[in-house]
Amino acid sequence: MRSRRLLVAAGCCLAVVLLLLYLLHAHHPSDATGDAPASPPTVSVATAHAGFIANQLTVAGVFQPFQEIDVHGKVSGYIRHIYVDIGDRVRQGQTLAVLEVPELQAEVAGAQAGITQTQQNILRLQNEVAREEAGYAAVHANYVRLKQASDQQPGLVAAQELDDALAKDRSAASQVDAAKSAVAAAHGQLGVSRAENLRVSSLEQYATITAPYSGVITMRYADTGALIPAGTAEGLNQAVVRLAQSDVLRLRMPVPERDVPFVHVGSVVAVHVQATGQQFPGTVVRFTRDVSNATRTMMTEVDVNNPTLTLTPGMYADVTFNLEQKDNALLIPASAVVQGDQPSVMLVDSSNRVEKRPVVLGIAGSNSQEVTSGLQAGDRVVIGGLSALQPGQQVTPQAAKNDLANYQKENQKGDR
């Protein structure tokens, strides 16, 4: 009897345990592994919207002087004085150095003496002309009288005497012409003498070396007493100084071949100089219109005003081009695009389920991407972790503030 009660009690306890286990399982269902089922994953989303986008190209450029030359002497000589050194700013026409050329001074003196001698010779020849003209007048008058007497009374004057008078008349006329020709030749020689004087005087002026334009002395090659050969001397090309025009600089940068069609004279660029922290706009003023076979780039230049010489030739700058741009483009973050043969995006629909949507892409920015077909403004696209999602999957969307702020900031920057 007692054993029977024990069996009944044990059966009741087992029933209670089984009931408790059933109730516990009903409130906490489990899968085959005994783990709790996963909740819908949280995904970052951004909303497609209309805005400005630009396809930008950033290349490194280097500042170079607008003009830079080595200044030579036109004549050979020793440096008597040199007035400039590296770093000096000079004005156009300012004296840089003066050469000592003793033989040139002698040539100038000789040329001036030649002019004086020729002028005196002209005076002498002019007096000769006057004397010959006076002699000719007397001889010609004698011939005219004899001719008239012979005509009035034939046979009064012997024919031989008349012929002699005619010969003397013609000879005197020839001597007058010869004297006048000598005067003309002397005037020609005077022109030659003056030209020679002008030449040597010009060479004397070349002994003073001046700045051809305003700029900065970037190198000094000679000191006082140094012999400077003429710049025209073959094989001898020692200069006195190097002069660079730095108040206007050329910002020169290479543009890749694929972007050459988008570069035009007048294209606006943004310049950032890392060394000084300066940022300013610029305009393309020239390019070579030739792609280098070695680098497959085209050299492009932007002129930068530098009146205070804050920028120094040789500095580097980052130059950003807006190659293509569009207003009111439908934009999404670039990280939302699934690349492939057919680009696509992962959408989150009104039921918070994932949908894979093929799209047609347009202009690509650094943080944003234009979509020309496949999306509408207001569509929510997933950013990041795209490979882990499946179409139709339930998700919990969360606005991706960081990525959204980045590509909106880029668009605002383009508007400015």
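In which strand is the place of Pro333? In this predicted model, Pro333 belongs to strand 13, which covers residues 316-333, and the answer is a convenient point of entry into the protein as a whole, whose secondary structure comes to four helices and 20 strands.

Before returning to that residue, it helps to set out the overall figures. The protein has 416 residues, of which 33% are buried, and its exposed surface comes to about 24,700 Å², with carbon and sulfur atoms supplying 53% of that area. Among the contacts in the protein with a separation of 6 or more, 77% are made between residues that lie 24 or more positions apart.

Two of the helices can be described as a pair. Helix 2 is formed by residues 102-152 and helix 3 by residues 159-206, and their axes come within 7 Å of each other while crossing at roughly 165 degrees. Because of that angle, helix 2 is roughly antiparallel to helix 3, the threshold for this description being an angle over 145 degrees. The crossing of helix 2 and helix 3 is left-handed, and the contact of the two helices, sorted by residue class, has 24 nonpolar, 16 polar and 13 charged residues.

A single residue, Ala195, gives a closer view of helix 3, in which it is placed. The C-alpha atoms of Ala195 and Ile115 are 9.6 Å apart, although 80 residues separate the two in sequence. Is Ala195 buried or partly exposed? Ala195 counts as partly exposed because its relative accessibility is 46%, a value that falls between the limits of 20% for buried and 50% for exposed.

The strands offer two residues that are buried. Pro333, in strand 13, has a relative accessible area of 1% and is therefore classed as buried, since buried means under 20%. The C-alpha atom of Pro333 is separated by 6.0 Å from that of Asn367, a residue 34 positions away along the chain. Val345, placed in strand 15 (residues 344-348), has a relative accessible area of 0% and so is likewise buried.

Which residues are in contact with Val345, once its neighbours within four places in sequence are left aside? The set consists of Ile332, Ala336, Val337, Glu355, Lys356, Arg357, Val359, Leu375 and Val381. Val382 can be added to this picture by distance, as its C-alpha atom lies 7.3 Å from that of Val345 with the two positions 37 residues apart in sequence.

The loops on either side of strand 12 bring in a feature of the backbone. Most residues other than glycine have a negative phi. Arg296, which is found in the loop between strand 11 (279-291) and strand 12 (297-305), is not a glycine and yet has a positive phi, near 55 degrees. Leu309, whose place is in the loop between strand 12 and strand 13, also has a positive phi, of about 60 degrees, without being a glycine.

How do these two loop residues stand with respect to the surface? With a relative accessible area of 35%, Arg296 is partly exposed, and Leu309, with a relative accessible area of 24%, is partly exposed as well. Both are assigned to that class because partly exposed covers the range between under 20% and over 50% relative accessible area.

Key. Residues numbered from 1 in each chain as written. Predicted model: local features only at pLDDT ≥ 70, side-chain atom pairs only at ≥ 80, totals over all residues. Heavy atoms only, no water. Buried < 20%, exposed > 50% of the residue type's maximum accessible area, 1.4 Å probe, protein only. Contact = heavy atoms within 4.5 Å. Areas by Shrake-Rupley, 256 points an atom, 1.4 Å probe, with all protein chains shown as cover. Axes fitted to C-alpha atoms, helices over the stretch in contact; angles between N-to-C directions. Parallel < 35°, antiparallel > 145°, perpendicular 65-115°, else oblique. Left-handed = near helix turned anticlockwise from the far one by under 90°. Nonpolar A, V, L, I, M, F, W, Y, C, P; charged D, E, K, R; others polar.
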